[in-house]
Amino acid sequence: MFSLDKLVRPNIQRLTPYSCARDEFKGRAAKVFLDANENPYNTPFNRYPDPLQEELKAKLAPVKGVAPQCIFLGNGSDEAIDLVYRIFCEPGRDNVVAIAPTYGMYSVCADINDVEYRAVPLRQDFTLDADALLSATDSRTKVIWLCSPNNPTGNALERAAVERIIKEFQGIVVVDEAYSDFNDLRPFRLDLDRFPNIIVLNTFSKLWASAAIRLGMAFASPEIIALFNKVKYPYNVNILTLKQAVAMLSDLQHINLWRATLLKERSHLLPAIAELPICKAVYPTDANFFLARVTDANDIYRYLVDNGIIVRNRSRVELCDNCLRFTIGTPEENNALLGALRRYRR
């Protein structure tokens, strides 16, 4: 049986979180604030932001189909990734398991927190091998990392395989759904009641076109979210980010238009790239990017840079030899990319 208490680091269990000045009068009306050593001028930027971002969570909850108490907001998804290590993994003792290739910050945060990182390769077609992943775990494995749709491969992981891992592994399973808004598959955040051991990540950086505001989301049981709030820094999301996020949530029609445009461009760009003589394969994608295997990734990458077009060279990543990753841009950007690739000669 899954036991959250057995997974949490003992020092985190004992931790008394920092008490924000405003926590002590929460729920009461106030007009004069002389408690937090703030400068009384330059409203509203002189005041500390809400440490639990309650207004934003209330607006976000119906959009994401998740209760406010099941939402954590952080300084990008990277904050939530780091918190998973800090809450569940004993430095120098515990380990985590992840697919390979995948998003690099899982490994970076493991190194920062002195936690062993076990990478299990996907199959050659980038599908998930649940048997191999589960076999890599042991009694000191606290977390399994799954990115779906996966970065850099673009494909969503098979739901049956992911569910099997969630059910059979008695630790934390993190499903990073940063790119889930670009497909119609059922997101795992809607199944928190079925799976008490999952943490689902999402972000304002992709569909919401707000990478600059650095706002990440984690969805989990109220008990796990309480641990996140216990360990995070008190005012981890600033007021400028909060205001911009609230504004974005008030303009869903615009967001949906962006989504439709990007999906349309994706449907046009993939076959156009596949027809090029330099292209050996274009891999299926459920995200706003795709992976293509080409004749000479290093040379083509340098050629594109020389023409002012930046893509991602993933040739050094496991299973991605001679692969470039292309983000779906505006119609004008996509046409510029295609035009440059059609002129390429080697």
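This is a chat about pockets, one helix and a few strands in a predicted model.

Student: Okay, pockets to start with. How much space lies in the largest pocket?
Tutor: About 790 Å³ of space lies in that pocket. It is lined by 33 residues, and the closest to its centre are Asn288, Phe326, Thr327, Ile328 and Gly329.

Student: Which elements give two or more residues to that lining?
Tutor: Those are α10 (252-274), β11 (323-327) and α12 (331-343). The most comes from α12, which gives four residues.

Student: And what is the lining like by class?
Tutor: For the largest pocket, the lining has 17 nonpolar, eleven polar and five charged residues.

Student: Now the second largest pocket. How much space lies there?
Tutor: About 580 Å³. Its lining has 21 residues, with Tyr48, Pro49, Asp50, Pro51 and Leu242 the closest to its centre.

Student: Which elements give two or more residues to this one?
Tutor: Here they are α3 (54-64) and α9 (239-249). Of the elements, α9 gives the most, with four residues. By class, you get eleven nonpolar, two polar and eight charged residues in the lining of the second largest pocket.

Student: Switching topic: which residues of helix α5 are buried?
Tutor: Helix α5 covers residues 105-112, and its buried residues are Tyr106, Cys109 and Ala110.

Student: Why do they line one face of the helix?
Tutor: Look down the axis of α5: the buried residues fall within an arc of 105°, so they line one face. Asp111 and Ile112, on the other side of α5, are exposed.

Student: What covers the buried residues of α5?
Tutor: The cover includes α4 (76-88), β3 (116-121), β4 (141-147) and β5 (172-176). Also, take a look just after α5, where Asp114 has a positive phi of about 55°.

Student: Strands next. How many residues of β9 are buried?
Tutor: Six of its six residues, 289-294, are buried. Phe289, Leu291 and Arg293 sit on one side, with Phe290, Ala292 and Val294 on the other, and both faces are covered.

Student: In what sense does β9 pair with β8, and over how many bridges?
Tutor: Strand β8 (residues 279-282) pairs with β9 in the antiparallel sense over three bridges. In one pairing, Val282 has Ala292 of β9 as its bridge partner. The two strands form a hairpin, with six residues between them.

Student: How many bridges join β9 to β11?
Tutor: Five bridges join them, and β9 and β11 run antiparallel. Try finding Arg293 in the structure: its bridge partner in β11 is Cys323.

Terms used: Residues are numbered from 1 along each chain as its sequence is written. This is a predicted model: local features need pLDDT of at least 70, side-chain atom pairs count only at pLDDT 80 or more; totals for chains, interfaces and linings use all residues. Side-chain values use heavy atoms; hydrogens and water are left out. On a 1 Å grid over the protein atoms alone, a cavity is a set of points where a 1.4 Å probe fits but cannot get out, and a pocket is an open set with protein on both sides within 12 Å along at least five of seven lines; lining residues have an atom within 4 Å of a point. Grid points are joined across faces, edges and corners, and a volume is the space filled by probe spheres set on the points. Ala, Val, Leu, Ile, Met, Phe, Trp, Tyr, Cys and Pro count as nonpolar, Asp, Glu, Lys and Arg as charged, and the others, Gly among them, as polar. Buried means under 20% relative accessible area, exposed over 50%, partly exposed in between (1.4 Å probe, protein chains only). The arc is that of the directions from the helix axis to the C-beta atoms. Contact means heavy atoms within 4.5 Å. Two strands pair if DSSP finds at least two bridges between them.
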